[in-house]
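Colleague: Could you take me through one part of this model closely, the open sheet and what lies against it? I would also like a few words on the ligand and on the buried residues you find worth pointing out.

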Amino acid sequence: MTLVMKFGGTSVGNAAAIRQTAALIKSCQQEWGQVVVVASAMGSKPVKVTDWLLTGATAAAAGDSETVKQAAAYLRQVHYEAIDELLHPERERQTILAENQRFINHYVALCEAAEVLGEMTPRALDVIGGMGEQMAIRILAAYLRQEGQPAAAVDATELIVTDNHFQAATPLMGLTSPKTEARLRPLLTKNIIPIVTGFIGATEDGISTTLGRGGSDYSGAILGQALQAKEVWIWTDVDGVMTADPRLVSTAQSIPTLSYREVSELAYFGAQVLHPKTMRPCVENGIPLRIKNTFHPDHPGTVIVTNGVNGRGSIKAVTAIKELAMITVEGRGMMGVPGIAARTFGAVAQIGVSVLLIAQASSEQSICFVTPAKSAPAVVESLERALHEELTRRDIDRVWARPDLSIVTVVGAGMQGTPGIAGRIFTALGEHHVNVIAIAQGSSECSISLVVQTDDVAAAVQHIHRLIV
Ligand code: ADP
Ligand code: MG
């Protein structure tokens, strides 16, 4: 029985966390027989190794070598400290130290090159962005070996084949599955635990890519599919998926069971605990997914299954996503003109911007949708170009962006059959003077999303959360 387990940044954040993680890996290995581990980069929140790597690299391209020095110093501190604390000098301390040193030197060299060239390409950023994982797995694998547990560090560039969409690459499963099976199965049959880098892959030609921020969860699911794993477990720093982000709502509680659909809505609308792409490989292959707490391993956490169980109320969780803008295309002459919507969304797609939500308008006199705030100026410009004729003719009066907005999403499959849910939500918000700017129902009918001003997010989430617990 193969179990794939992914450990997040906090779970390998420092020497103490790595010790805890190693103990968990050993005990799961005894229970399951064949265990594959996927690990993120080190670093405790809010300062993460990957952030430093990328911040330094971007700064270098802008001519700022001071930030690169700081980043390199931070990388040395975090990794060398863990190596010193975990690995005995007479065992692998020197070897692993040298390997980590090589990565950091390479990092500095790449940044220096970027500084000379005055640019940092997405392709180079992917080489740099994955270095945190590459350093972390070497430390974790060596520590496991020292503890008597055979383990081998494996870079996912040897396993996961992706397209060349740098920074957000898509795995090509037809190539990934046989490659992963061929590389990892021999290790597993010899009881050697593969410790694999999260977040990264490589093109068919072997060029490094990354799967997008938070993508290590996705790596776990990809390997789960490739190896036809029995289960995929995501180990993190909270007791599973909770009724709200515990940083926003102190009374948030762990949710025992969620359906793939429910958790997909939560992840898509900002619940950082799980990367939104993680679900697909699992749902398509019927692989149960569990989210558990490394620092509280006896807690059952959350299990994600095909059909969730409905809780007491029918709202199960509330989440929020910030830094958004609402784009409106409006004009009385739009009514009945065919193809306006198609051209509007075509113009957005053309510049590669994703639309998070399309708001329901009561008439055909406007089209409203929500995009990331940083893309809003480009979206408006692209729309003005695409709809130039209508704007000149005054069929469309204007295209504009409203900034400083957020989406609050309420999730629960049971909401569909429960009358009055929307009413309760709006009453709760109205009583606390939260103005709802737009609403949309999720396509899967297990979520309702509300657009509110960013200033109102905390209040909106907290008051909706009171309807759950
Ligand atoms: P990791 O490094 O383990 O991948 P992340 O920071 O990516 O961890 O995700 C875990 C964090 O997600 C939690 O610490 C919590 O602050 C945040 N979070 C946001 N929404 C939720 C939620 N609904 N349930 C649980 N955690 C959430
Ligand atoms: Mg994460």
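**The sheet and its surroundings**

Modeller: Ala325 has Thr371, a residue of strand 13, as its bridge partner. Keep in mind that this is a predicted model. The pair is a good place to start, since it leads to the two strands around it. Strand 11 covers residues 317–330 and strand 13 covers residues 366–372. The two run antiparallel, and seven bridges join them.

Now widen the view to the whole sheet. It is open and has six strands, in the order 12-13-11-14-16-15, with antiparallel pairing. At the edges are strand 12 (357–359) and strand 15 (436–441), each of which pairs on one side only. Neighbouring strands are turned against each other by 35° on average, ignoring direction.

A helix packs on this sheet: helix 15, made of residues 457–465. Helix 15 touches strand 11, strand 14 (398–411) and strand 16 (447–453). The direction of helix 15 makes about 130° with that of strand 11.

Next comes Thr344, in helix 11 (residues 340–350). Is Thr344 buried or exposed? Its relative accessibility is 0%, so Thr344 counts as buried. The side chain of Thr344 reaches the backbone oxygen of Ile340 at 2.8 Å. Apart from neighbours within four places in sequence, Thr344 is in contact with Val329, Ile367, Phe369, Leu383 and Leu387. Of these residues, Val329 falls within the range of strand 11, 317–330. Ile367 and Phe369 fall within the range of strand 13, 366–372.

A second threonine, Thr278, is in the loop between helix 9 (260–268) and helix 10 (279–284). Thr278 counts as buried because its relative accessibility is 0%. Not counting residues up to four places away in sequence, Thr278 touches Asp217, Tyr218, Ala221, Ile234 and Leu289.

Last, the ligand. Ligand 1 is surrounded by 17 residues, and the closest are Lys45, Thr236, Asp237, Met242 and Arg247. An N or O atom in the side chain of Thr236 is 2.7 Å from an oxygen atom of ligand 1. For the side chain of Arg247, the corresponding distance to an oxygen atom of ligand 1 is 2.9 Å. Gln272 has a polar side-chain atom 3.0 Å from an oxygen atom of ligand 1. Taken alone, ligand 1 exposes 570 Å², and the protein buries 93% of that.

Methods. Residues are numbered from 1 along each chain as its sequence is written. Chains are lettered from A and ligands numbered from 1 in the order in which they are written. This is a predicted model: local features need pLDDT of at least 70, side-chain atom pairs count only at pLDDT 80 or more; totals for chains, interfaces and linings use all residues. Side-chain values use heavy atoms; hydrogens and water are left out. Helices (H or I, at least four residues) and strands (E, at least two) are DSSP runs, numbered from the N terminus. Buried means under 20% relative accessible area, exposed over 50%, partly exposed in between (1.4 Å probe, protein chains only). Contact means heavy atoms within 4.5 Å. Two strands pair if DSSP finds at least two bridges between them. Axes are lines fitted to C-alpha atoms, for helices over the stretch in contact, and angles run from 0 to 180 degrees between N-to-C directions. A residue is near a molecule or strand if one of its heavy atoms lies within 4 Å of it. A polar contact is a pair of N or O atoms within 3.5 Å; within protein, one must be able to donate a hydrogen and the other to accept it, and residues adjacent in sequence count only if both atoms are side-chain atoms. Accessible areas come from the Shrake-Rupley method with a 1.4 Å probe; for residues, only the protein chains shown count as cover.
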